[in-house]
Amino acid sequence: IGATSVIINPPKKVEGSVHLFKGWINRGVFVTNEDKKYSLRNINYNVQRNVFESKIGNDSVFTFNTSNVEKIVINNRPFKSIYNPAVRAESIYEVIFENDNFSILKKYELEVMEGSDNPMIIRPSKYILNDSYWVKKRNSVKAFKMKKKNIIKLAGKDAKALAQYADDNNLTFRDDADVTRILNGFYKM
């Protein structure tokens with residue numbers, strides 16, 4: 001009669017956070033499909049689970065259902081749940097810019113950089129936050145390279161005027177906040 005032994009390694013501790021924002025003191029506003037608004041002071045976005053959470057105790061977290069939510073604004077940064085036919089799933093995206101013609105979206109994802117099992121090399125596993133940009137036109141959502149020429153191309157016949165607006169206002173196409181200012185300012189002219 002033989003004996004079988006099973007070795008179970010305990011789960012590795014991973015450094016870092018699965019949340020987008022550092023800490024829980026973040027002002028959030030939920031805007032429902034019925035245009036009602038609800039405010040919170042302790043909200044965060046769990047990138048790993050693709051959900052919004054609120055800390056309600058030292059060891060308790062409440063997860064929100066966003067099925068009837070139009071958008072969530074955290075620290076003046078808008079987020080929306082959007083169905084992406086390219087990946088056949090609904091995901092949370094940060095909205096960099098949005099108008100009737102197109103939207104520029106930012107998706108966050110987590111990756112675990114594996115540490116070393118060798119006790120001589122002390123390198124723990126840690127979370128790495130990655131992001132990607134997407135452009136939404138009508139019902140199409142496609143990957144997007146956030147470059148000056150691509151953003152200007154979205155303006156179509158107004159491309160030269162958009163580039164001139166950015167130059168006149170000393171704004172760059174490399175910063176999300178500046179891109180938002182450029183597009184909001186240009187399209188509200």
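**Exercise 1. Work out whether the end-to-end distance of helix H3 agrees or disagrees with the span expected for its 12 residues.**

Solution. Start from the rise of 1.5 Å a residue, from which the 12 residues of H3 should span 16 Å. Then turn to the end C-alpha atoms of H3 in this predicted model, which are 16 Å apart, so that the distance agrees with the expectation. As a further step, look at which residues of the helix are buried: these are Asp-176, Asp-178, Val-179, Ile-182, Leu-183, Gly-185 and Phe-186. The cover over these buried residues of H3 includes strands E9, E10 (103-113) and E11, together with helices H1 and H2.

**Exercise 2. Find which residues have the most contacts inside the largest nonpolar core, and which elements give two or more residues to this core.**

Solution. The largest nonpolar core has 23 residues, and those with the most contacts inside it are Ile-104, Phe-144, Met-146 and Leu-183. Going through the elements, one finds that E9, strand E11 (125-137), helix H1 (148-154), helix H2 (159-168) and helix H3 (176-187) each give two or more residues to this core. H2 gives the most, with five residues. To see the surroundings of one member, take Phe-144, which, when its neighbours within four places in sequence are left aside, is in contact with Ile-104, Tyr-133, Trp-134, Val-135, Asn-150, Ile-151 and Leu-154. A second core of 14 residues is separate from this one, and Phe-30, Ile-43, Phe-52 and Phe-79 are among its residues. As background, nonpolar side chains in soluble globular proteins tend to be buried together.

**Exercise 3. Determine which strands stand at the edges of the open sheet with the order E4-E5-E6, and how E4 pairs with E5.**

Solution. The sheet has three strands in the order E4-E5-E6, and their pairing is antiparallel. Strand E4 (43-46) and strand E6 (60-63) each have a single partner strand, so they stand at the edges and one side of each is left without a neighbour in the sheet. Neighbouring strands here are turned against each other by 40 degrees on average, with direction ignored. For the pairing itself, E4 and strand E5 (residues 51-57) are joined in the antiparallel sense over four bridges, and Ile-43 stands opposite Ser-54 in E5.

A comparable step can be taken for E11 and strand E12 (residues 140-144), which run antiparallel and are joined by five bridges. Lys-137 has Ser-140, in E12, as its bridge partner. The hairpin of E11 and E12 has two residues between the strands, and in it Arg-138 takes a positive phi near 50 degrees.

**Exercise 4. State how many salt bridges a search of the whole structure finds, and describe the partners in the pairs Arg-49 with Glu-53, Arg-77 with Glu-94, and Asp-158 with Lys-157.**

Solution. The search finds eight salt bridges. In the pair of Arg-49 and Glu-53, the closest N and O atoms are 2.7 Å apart; Arg-49 is partly exposed at 47% relative accessible area, whereas Glu-53, at 4%, is buried, because buried means under 20%.

In the pair of Arg-77 and Glu-94, the closest N and O atoms are 2.9 Å apart. Arg-77 lies in strand E8 (residues 77-84) and Glu-94 in strand E9 (residues 89-98), so the pair ties together parts that are 17 residues apart in sequence. Arg-77 is partly exposed, with a relative accessible area of 28%, while Glu-94 is buried at 7%.

The side chains of Asp-158 and Lys-157 meet at 3.9 Å, N to O, with Asp-158 partly exposed at 28% and Lys-157 exposed at 78%. Salt bridges that share partners also join Glu-70, Lys-80 and Glu-98 into one network.

**Exercise 5. Decide whether Ile-82 is buried or exposed, and do likewise for Ser-91.**

Solution. Ile-82 is found in strand E8, and its relative accessibility of 9% makes it buried. Beyond four places in sequence, Ile-82 touches Ala-89, Glu-90, Ser-91, Tyr-93, Leu-105, Lys-136 and Val-141. The C-alpha atoms of Ile-82 and Val-141 are separated by 9.1 Å, although the two residues are 59 residues apart along the chain.

Ser-91, in turn, is found in strand E9 and, at 8% relative accessibility, is buried. Not counting residues up to four places away in sequence, Ser-91 touches Asn-50, Lys-80, Ser-81, Ile-82 and Lys-107.

Terms used: Residues numbered from 1 in each chain as written. Predicted model: local features only at pLDDT ≥ 70, side-chain atom pairs only at ≥ 80, totals over all residues. Heavy atoms only, no water. Salt bridge = Lys/Arg side-chain N within 4 Å of Asp/Glu carboxyl O. Buried < 20%, exposed > 50% of the residue type's maximum accessible area, 1.4 Å probe, protein only. Contact = heavy atoms within 4.5 Å. Core = buried A, V, L, I, M, F, W, Y, C linked by side-chain atoms within 4.5 Å. Expected span 1.5 Å × (residues − 1). Pairing = 2+ DSSP bridges. Axes fitted to C-alpha atoms, helices over the stretch in contact; angles between N-to-C directions.
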